Amino acid sequence: MGNVTMKDIAEMAGVSKATVSMVMNKKDASISENTREKILRIAKEMSYIPNSIARSLSTKKSGSIGIILPDITNPFFSEMARAIEDEAERLEYNIIICNTDNDKDKEEKYIELLISKLIDGVIFMSGGKSNASITILKNNNVPFVLVDRYIEGYKDDYGVFCLNKQGVKNGIKYLYEKGNRKIVFVKGRENLEISKQRVEGYIEAMKDYEIYDEKYIYEGDFNVDGGIMATEKIIHSFKNLDAIFYSNDMMALGGMKILLRNGYKIPEDISVVGFDNIHISEVIEPELTTISQPIYIMGKKACSILINLIKGELPPEKQLYFETKLIIRGTT
């Protein structure tokens, strides 16, 4: 089954394909308002995207895949996109990168644009309630693979993830064994499944060691500003802390800036741990202790799964989960 066509809409609306074509091409002066509205309503319900190049492409393939990501300025996503691009090039596919700024309307607009350009498949690095975008992809039979961020009902779809909860538990175990007890955790926004998984790992580990206290949990955006704002609140709330565990490296970088500006020595006065192991975490001084995701491997794998789906070769497993690794550096 291919994309939704004008013929499909015509059959649903009980009109001719020519009538649908006139409405879609805004040459509908001779068509009644009721008929026009009915056709547009059905087209929207079926997620019909006008196909700008289908007339000239008998294969209905563009040799391109789209990447939907929330924030290209976050090195995690740019490093992932680089891995996808390398693998796509090896398999002779082009990529189109769409940066949504975590904006659902922008995300849907990009999805529609990609489908109108006859995109062969999409790698989806968004998260939260992305149901409308996924519905549009499914209604147009566009293969997609989820990476890193979960959506509702994700277990029905192909995806590449890391073991977030276990990664955080490993980090807490390491801090505890070094004698840290007052460990603050800066979680991401609640609407993202990875935020929930990482804070669950923290809560479980802290309870296992009988040192859990909910006052040690703070929230912020997954970026430098999120780390800055959370850390300002933390240092105004507590005089003595052993460690701060940030839900990603970008937060940790922002947090370290505030700690250093306020006279804290890292790691002598306070230990800092991040999550992701983006490239810059080993460039800064002191170098950041972090929970490493195999970003490059995950990106390449997501791309190869997608291209298999495009070719009709269904992978045996719907989801792949990658282990994390504790990388010990100068901040602990």
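Between which two strands does the loop that holds Pro286 lie? Keep that question in mind as you open this predicted model, and let us walk through a few backbone spots together.

**Stop one: Pro286.** Select Pro286 and you land in the loop between strand 9 and strand 10, the latter spanning 289-292. Now add Glu285 to the selection and look at the bond joining the pair: the peptide bond from Glu285 to Pro286 is cis, with omega near -5°.

**Stop two: Pro267.** Next, go to Pro267, in the loop that runs between helix 10 (249-261) and strand 9 (271-276). Show Ile266 as well, and check the torsion leading into the proline: the peptide bond from Ile266 to Pro267 is cis, with omega near 10°. For context, most peptide bonds are trans, and most residues other than glycine have a negative phi.

**Stop three: Asp276.** The second half of that remark sets up the remaining stops. Select Asp276, which sits in strand 9. Asp276 is not a glycine, yet its phi is positive, at about 130°. Turn on a surface and ask: is Asp276 buried or exposed? Asp276 is buried, because its relative accessible area is 4%, and buried means under 20%.

**Stop four: Asn102.** Finally, move to Asn102, in the loop between strand 2 (94-99) and helix 5 (104-116). Here, too, a residue that is not a glycine has a positive phi, this one of about 55°. With the surface still on, look at how Asn102 meets the outside: it is partly exposed, with a relative accessible area of 48%.

Notes. Residues are numbered from 1 along each chain as its sequence is written. This is a predicted model: local features need pLDDT of at least 70, side-chain atom pairs count only at pLDDT 80 or more; totals for chains, interfaces and linings use all residues. Side-chain values use heavy atoms; hydrogens and water are left out. Helices (H or I, at least four residues) and strands (E, at least two) are DSSP runs, numbered from the N terminus. Buried means under 20% relative accessible area, exposed over 50%, partly exposed in between (1.4 Å probe, protein chains only).
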